[in-house]
Structure formats: C-alpha cells, structure tokens
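Open the model in your viewer and keep the sequence panel beside it. The stops below go one selection at a time.

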Amino acid sequence: MLLIKIRRVIKVGFINFWRNGWLSLATILVMVITLFVFGSLILGRVLLNATLAQLQDKVDITVYFKTDAKEEEVIAIKDKLAKLNEVQDIIYISADKALSDFKDRHLNNALIAQSLDELAENPLGASLNIKAKDPAQYESISRFLEASAISSIDKINYRQNKVVIDRLSGILKAARTAGFGTTLVLSLIAILVAFNTIRLAIFTSKDEITVMRLVGASSRYIRGPFVVEGVMHGVFAAFITMIIFYPLLLWLGPLAEQFFGGPNLFAYYVSNFFQLFGILILVGAFLGSLSSLIATRRYLKV
Amino acid sequence: MVYFDKVSKIYSPTSTALDDVSFSIEPQEFLSLVGQSGAGKTTLLKLLLAEEKPTSGKIFFESQDVHALSRGELPFLRRRIGCVFQDFRLLSSKTAYENIAFAMEAAGRTDEDINSSVSQVLEVVGLVDKSWHFPHELSGGEKQRVAIARAIVNQPDLIVADEPTGNLDPLNTREIIEVLKKINEIGTTVLLATHNKDVVNALGKRVITIEKGKIIRDDKGGRYVI
C-alpha cells in the first residue's frame, strides 16, 4: 500500500510538472538564477582562495647565519623549527648555494664577478627560508628564534618586513571575511527568491489542497506531488545552470586567469564538472522540496 | 448516525452562525436542510466535515466525536462522507476521470479496484464519453455530476450536498436530485442543504428549517415553509 502510494505520488508529481508547463518553466528560471548565484559563489571562492594563497605564498622570513656557522648547527636549528606547529615549510640554503645564486644573478656584471674572484673565501652565510601556515604567525616564529639566542644567527629579516607582513596578513584576513560575508548574504537572497517563487506557485493550488483534504486525502499524500515537483524544478534548474556556465567560463576563464593570475576557471569547471553538478542538483532539489513543504503546510490545516 | 449536540458557532460577537443546534440523522435517511442564505446551512455542513471547529457543543459521526480527531485521523472519517458543493470544487488540473479516481487513490485502493469503480460511477452519472475532459471543458451540470461521482465512488455512508443545484438550470437540477435520490435508495444517507423550494417539495422527505442559526422546524415528509 505504501509502495502504491509512493508510485502514485511520483507519477502525479510528474504529471503536474508537465501540465503546469508555464508555471514550471517560470519556477525553473528563477531557480536557475538562484543556482547560478550559488555556482558563481563557488567559483568565486576558488578564485579568491587561489589568489590569496598566491599572495600569502609571497610572504616569508629569512634567517641569515654568520659565515662561520657550521652546517650541522644550521641543520639542527632547521629541524627544531620544522617541529613548530606554525611552520609550513623551511628551505635550507647553504653558503655555497647562496654564492652560486648570487653569481647567477649578477652574471652580466663583470665588476661583481671580478671582486668575488678576488675574495679567497665565501662572503655569504647560509640561510633558512621559513614559510608559516598563517602570516600572523611570523611574529611568534621570529620570537622563538630570538629567544633561543643562537650565537651563529646573524639576523632575521622579520623586523624589517614586519609592517608589510602585518598589512598583508590584515588584507588577507579582510578579504576572507568579506568573501564569506558576501557568500552568506547572496545565498540568503537567492534562497529567499526561490522560496517565494515556489510559495506563489503553490498559492494557486490553495483551494485544491483544501478540496483534497475534504475528499479524504492525508496531508502526506497531498504534499508528496508538490515535493516531487520541487525536486524536479531543482534538477532541471541545475542542468540549465551547468549549460549556461560552459560558454561563460570558456570566455571568462582565460580572462580571469590573466587578471588574477589564478587558476583557469574553465579548467576547474571541466575537471570538477560532476562535483559542481552534484552540488547544484543537491542545492536545487533541497531548496525545491523544502520550499514546497513549507509552502503547503499552511493550506493543509483544514 | 450523525448527532449534533448543542452546537454553536460564533464567528464574532456580532455574527452568530449557529446557536445551540441539536438534531440527529438516522441511517439511510434523506434529510433536507433549508433556510435562507446566511441562515447557517453551510456552517453546519462545514462543522460536520471538520472544516471548521464549533465554538461550543459536539458533533458525532456514529459514536465518534468529529472534532476530537487529529489531523492525521480526519482523512479516515472523510472517506466515509462524500461531499458535493455548490461551486463543484473539482481539481482543475485533473481530468474528470482523475478527479473521481483521486478520492480512491488517496484512500489507497488498488488500480484494478479504481478502474472498475470509476468506470461504473461514470456510467451512473452518464459521463463515460467525457471522462478525459478537464473541468473547464465541462458544463456546470456535467461538473456537478463529476463531483457527485467523486463523492459516491468510495461508497460512503453519508453524502453531504451543499446547495448542489445552486448554479444549475432546472433540467440539470432535476437530474442531480434524481441521482441523489437513487443513491439514497441504495442505502446511503443523504444530507442536502438547499434553498430551492421546488426541490424540497418534490422530495417529500424530512425537512429541517433553520433561521438565524436556530432550528425552527423539523418535519417528517415536510415541505419548504418560511
């Protein structure tokens, strides 16, 4: 009996979806707008995160060691630092490496090459390049180093760069918060628009719902087809939204890549196609069915 | 079968729809409820169907207090009462056939059961050739016959008809009343609310007259007198 009812509910849902042609189409179009906003927010976050990560990647501090510092000593400090939670990555640059890098950089400058040759020994010391997980953590890392008062350390360039690092970390934080806030507000608006559209669509069935109750239909049996319709609106809308994204990203992807230097959104769309599609279908179906449930509730009180 | 026990319905202090109404309906009875517009006929039927709650008093269907039922239990009561309205109240997005079948589907009947029963009642009301028409493609009389078919298809114990002929011409009126009489003859109780004098006089059955929310007359084999 339950199975028969479920089959009937689904069948009626499909029939109503088809017979309410224009109303279904209008609802789907509004839903497309909602899902388009959702999709854009997802893509926007991808872009924002990539850009911010890139920016953050540019921030680091370097610890310079004195020329007479022993390699083992430097490695020991490196290992110690690597154990810190805040540290993401440490690159050890030996004195020889520093010299060859320096030479490479000034290949065309004969004067520098010549004066380097005149020096018997390497004037550059080894160094450690430290990247923190979060720019705000450079302060504590450099404090840790200063506190351990290692005699072989020549200098830490954190203090010089402090202003820039702090400002950048502030910008990163603000950008993330703003991105999150925008996502929240826009999704809320999109949800309300979709919800109200479905509510209006169901309002036209208000009297019919009363009649159904009076001829002895249970609330669940009446609601079922509306929920099925809502899910269908969501699925169709997700489908259309994905189709719209294709040409749009094909055009916009390379442009955004040039401007932000971030990932190509079109490539992201292609490689995450099913994931993105899945999210949109889920959001659409959930919104559609939930709106139907809420909208029918008040008419079922008879 | 149905028992109204001191029922009052007060919408607002200045508008009392029913005032201390008590009466009972016996099984297989054909009872006409007459009175002018605004006398309280429709309110009385709405209370019986639990579409609205009484301000005071109780309404029993058999031994069940109608208003003690929860929203989940109400459908089971309503499946035993078929209702017909002045404005037909068909489901506009469903065909005549589907409108009739809906009452049975909602009750969880099997497909074979539905097919045979719906075809049968379509024959009874004479609409076999219009079964796939939508309500807006039917005339008033045809719509009302679909509504009656929907009301009787679940073989209810009671048919409640609220001014079923109010929007119909004399010919259709006679046909609808004939159908109701036939239903009554095969053992279904009928409660007919109407203000059509000719209909009531032609029936010659029990008549309850209400005026300003009170029962002022209750005659067996009565006539329409106001």
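Begin by colouring chain B by pLDDT: the mean for this chain is 90, and 100% of its residues reach 70 or more. Remember throughout that this is a predicted model. As a whole, the model scores ipTM 0.88 and pTM 0.77.

**The contact between the chains**

Next, select the residues where chains A and B touch: 17 residues come from chain A and 19 residues from chain B. On the chain A side, show the helices α1 (2–19), α8 (206–214) and α9, each of which supplies at least two residues to the side that touches chain B. Of these, pick out α1(A), which gives the largest share of that side, 5 residues. Now colour the side of chain A that touches chain B by class; 8 residues are nonpolar, 5 polar and 4 charged.

**The cores**

Then turn to the largest nonpolar core, a set of 114 residues. Which residues have the most contacts inside it? Select I100(B), I159(B) and V160(B). Go across to chain A and select helix α9 (residues 219–260), the source of the largest share of this core, 13 residues. For a second, separate core, select V74(A), I77(A), I153(A) and Y158(A), which are among its 17 residues.

**Around I100(B)**

Finally, centre the view on I100(B) and hide its neighbours within four places in sequence. What is I100(B) in contact with once those are left aside? The partners to display are V118(B), V121(B), V146(B), A149(B), R150(B) and V153(B).

Technical notes: Residues are numbered from 1 along each chain as its sequence is written. Chains are lettered from A and ligands numbered from 1 in the order in which they are written. This is a predicted model: local features need pLDDT of at least 70, side-chain atom pairs count only at pLDDT 80 or more; totals for chains, interfaces and linings use all residues. A nonpolar core is a set of buried Ala, Val, Leu, Ile, Met, Phe, Trp, Tyr and Cys residues joined through C-beta atoms within 7 Å. A residue is buried if 20 or more other C-beta atoms lie within 10 Å of its own, exposed if 12 or fewer, and partly exposed in between; C-beta atoms are placed from the backbone. Helices (H or I, at least four residues) and strands (E, at least two) are DSSP runs, numbered from the N terminus. Two residues are in contact if their C-beta atoms, placed from the backbone, lie within 7 Å. pLDDT is the predictor's confidence in each residue, from 0 to 100. Ala, Val, Leu, Ile, Met, Phe, Trp, Tyr, Cys and Pro count as nonpolar, Asp, Glu, Lys and Arg as charged, and the others, Gly among them, as polar.
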